[in-house]
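Colleague: Could you take a close look at one part of this protein with me? I would like to start at the surface and then work inwards.

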Amino acid sequence: MSWLQPSRQLVAGVTLAAALLAVWPVADAAAQTVALPDFTELVERVGPAVVNIRTLERGRQVSRATPELDPNMEEFLRRFGIPLPGRPDPRRGPPGNDEPRQRGVGSGFIVSPDGFVMTNAHVVEGADEVIVTLPDRREFKARIVGADRRTDVAIVKIEATGLPTVKIGDVNKLRVGEWVVAIGSPFGLENTVTAGIVSAKQRDTGDYLPFIQTDVAINPGNSGGPLLNLRGEVVGINSQIYSRSGGFMGISFAIPIDEAVRVSEQLRQHGRVIRGRIGVQIAPVTKEVAEAIGLGEARGALVQSVESGGPADKAGIEAGDIITRVDGKPVEKSVDLPRIIGGTAPGTQSKIQVFRRGSYRDVTVAVAEFEPERPTRVSQAPTPAPSATSAIGASVSDLSDAQKRELRVRGGVVVDAVDGPAARAGLREGDVILSVNNHEVSDAKQFNALVAKADKNRPISLMVRRGDWVNYLVVRPAG
């Protein structure tokens with residue numbers, strides 16, 4: 001019977017292994033379940049401060065594109081009697097001249113116990129009446145305190161006290177990959193909760209805002225609602241979606257709450273947002289241009305034109321300059337400049353660092369108040385006398401004194417004809433070349449000399465004026 005002992009050990013081993021295999025999946029599943037967030041407490045705490053916003057209009061048809069809906073979603077909305085976005089509500093009948101009818105649906109959140117509500121500017125834009133509905137079904141007619149289209153932030157006021165409010169979070173602590181929650185009224189379905197993660201930060205989709213990008217399901221009606229972190233703090237206002245159908249396609253954008261609060265404070269104080277301006281038109285700096293002109297890294301904002309008599313013009317900033325710092329703050333990308341200047345109080349003497357023809361210099365600019373942009377007059381290309389074609393394929397001629405005064409330049413040459421490397425770089429007939437490899441051009445003779453002595457194995461940078469705009473072109477000689 002001695003052969004039975006090993007057999008018992010084998011059986012015991014198999015039994016232990018089976019038991020472990022049976023436990024491990026359960027333990028692993030339990031660990032995964034524990035790791036997933038539970039939003040119930042968050043929603044119970046913050047939900048009462050999230051409101052539905054309906055806008056009404058009187059006696060006019062709103063002309064706007066009707067969003068396309070998935071047929072299944074359209075049927076779902078019809079079954080539950082929910083008005084289709086952008087289409088008349090059949091329950092209200094034909095609109096009369098005096099009877100208000102629904103124009104749109106959005107969301108918002110209460111930021112003070114006395115009834116100030118934050119939402120999107122596009123939610124309340126053009127509305128004759130704004131109706132705010134609280135989760136407890138109370139309705140209030142709201143007054144629009146102020147709306148800022150550039151940041152898409154608005155503040156409305158309802159006459160109530162002792163209201164629940166949201167807690168404002170620190171957007172700087174928000175991390176990519178972090179769980180976030182949205183509460184709002186997608187397609188008019190009030191008190192709807194969706195969740196996802198932060199998929200990117202500092203997403204540049206506008207002049208004044210670096211958006212928070214998420215994969216939280218956001219649809220028409222969610223606009224103006226809060227984006228919340230797991231602590232129940234508002235870190236953004238749901239504002240935009242990327243969509244080809246009018247519905248959610250996996251990418252949504254929220255306004256960072258710190259920017260929204262800054263704007264809302266001005267709206268409450270002044271009814272509008274006061275921004276600074278210096279009077280320049282700008283463009284990004286490409287890596288190729290940065291290397292060609294000696295800047296090194298692709299950073300800063302390229303000044304393409306300077307408003308005549310504006311703050312930058314008075315301070316000596318020129319078209320072709322690259323603005324790299326404002327009051328010590330780095331301008332990493334061109335979109336940083338309007339944000340920094342826009343946040344500077346008018347009347348401030350700002351120190352601006354520019355890169356010009358291979359070296360840095362500082363200028364002091366008196367920031368003015370932002371005003372509607374003036375239309376710019378595009379000068380007609382001068383009619384030049386022909387000259388010999390240069391080594392890069394550009395035929396140029398001198399500018400007359402009258403043409404220099406009109407263009408407000410000290411020197412330069414006009415392009416009569418273009419071919420070869422210059423044409424491939426994007427140079428056009430009628431362009432005015434102001435510099436070659438950071439050397440100012442005074443006339444056609446100097447231009448041809450600069451091109452002739454340039455290293456044929458390295459690209460040549462040209463600062464070019466086209467109409468009222470200045471840009472850099474990088475020409476690679478055929479040799």
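Which residues form a nonpolar patch on the surface, and about how much accessible area do they have together?

Modeller: Happy to. Please keep in mind that this is a predicted model. The nonpolar surface patch is formed by L36, W179 and L230, and together they have about 280 Å² of accessible area. Of these, L230 sits in a loop, the one that links β11 (226–228) to β12 (233–241). The relative accessible area of L230 is 42%, so this residue counts as partly exposed.

Now let us go inwards. The largest nonpolar core has 37 residues, and the members that touch the most others are M118, V153, I237 and I257. V153 gives a good idea of the surroundings: leaving aside neighbours within four places in sequence, its contacts include M118 and I237. V153 also contacts I255, A260, V263 and L267, as well as T119, N120 and D148, among others. Apart from this core there is a second, separate one of 20 residues, with I392, V396, V451 and V475 among them.

Strand β26 (residues 460–466) is worth a look too. Six of its seven residues are buried, so the strand is mostly covered. It has an antiparallel partner in strand β24 (residues 432–436), with four bridges between the two; here M463 of β26 stands opposite S435. Strand β27 (residues 469–475) also pairs with β26 in the antiparallel sense, over seven bridges, and V464 has N471 in β27 as its bridge partner. The hairpin of β26 and β27 leaves two residues between the strands, and G467 there takes a positive phi near 65°.

From that hairpin you can step across to S305, which touches D468 and W469. S305 belongs to strand β16 (residues 301–306). Its relative accessible area is 12%, which means that S305 is buried. Not counting residues up to four places away in sequence, S305 also touches G279, V280, Q281 and A319.

One last stop is E57, in strand β1 (residues 50–58). You might look twice at this acidic side chain, because E57 is buried, with a relative accessible area of 1%. The C-alpha atoms of E57 and R103 are 6.1 Å apart, although 46 residues separate the two along the chain.

Note on methods. Residues numbered from 1 in each chain as written. Predicted model: local features only at pLDDT ≥ 70, side-chain atom pairs only at ≥ 80, totals over all residues. Heavy atoms only, no water. Patch = residues over 30% accessible without salt bridge, like charges linked within 9 Å, V, L, I, M, F, W, Y side chains within 5 Å. Areas by Shrake-Rupley, 256 points an atom, 1.4 Å probe, with all protein chains shown as cover. Salt bridge = Lys/Arg side-chain N within 4 Å of Asp/Glu carboxyl O. Buried < 20%, exposed > 50% of the residue type's maximum accessible area, 1.4 Å probe, protein only. Pairing = 2+ DSSP bridges. Core = buried A, V, L, I, M, F, W, Y, C linked by side-chain atoms within 4.5 Å. Contact = heavy atoms within 4.5 Å.
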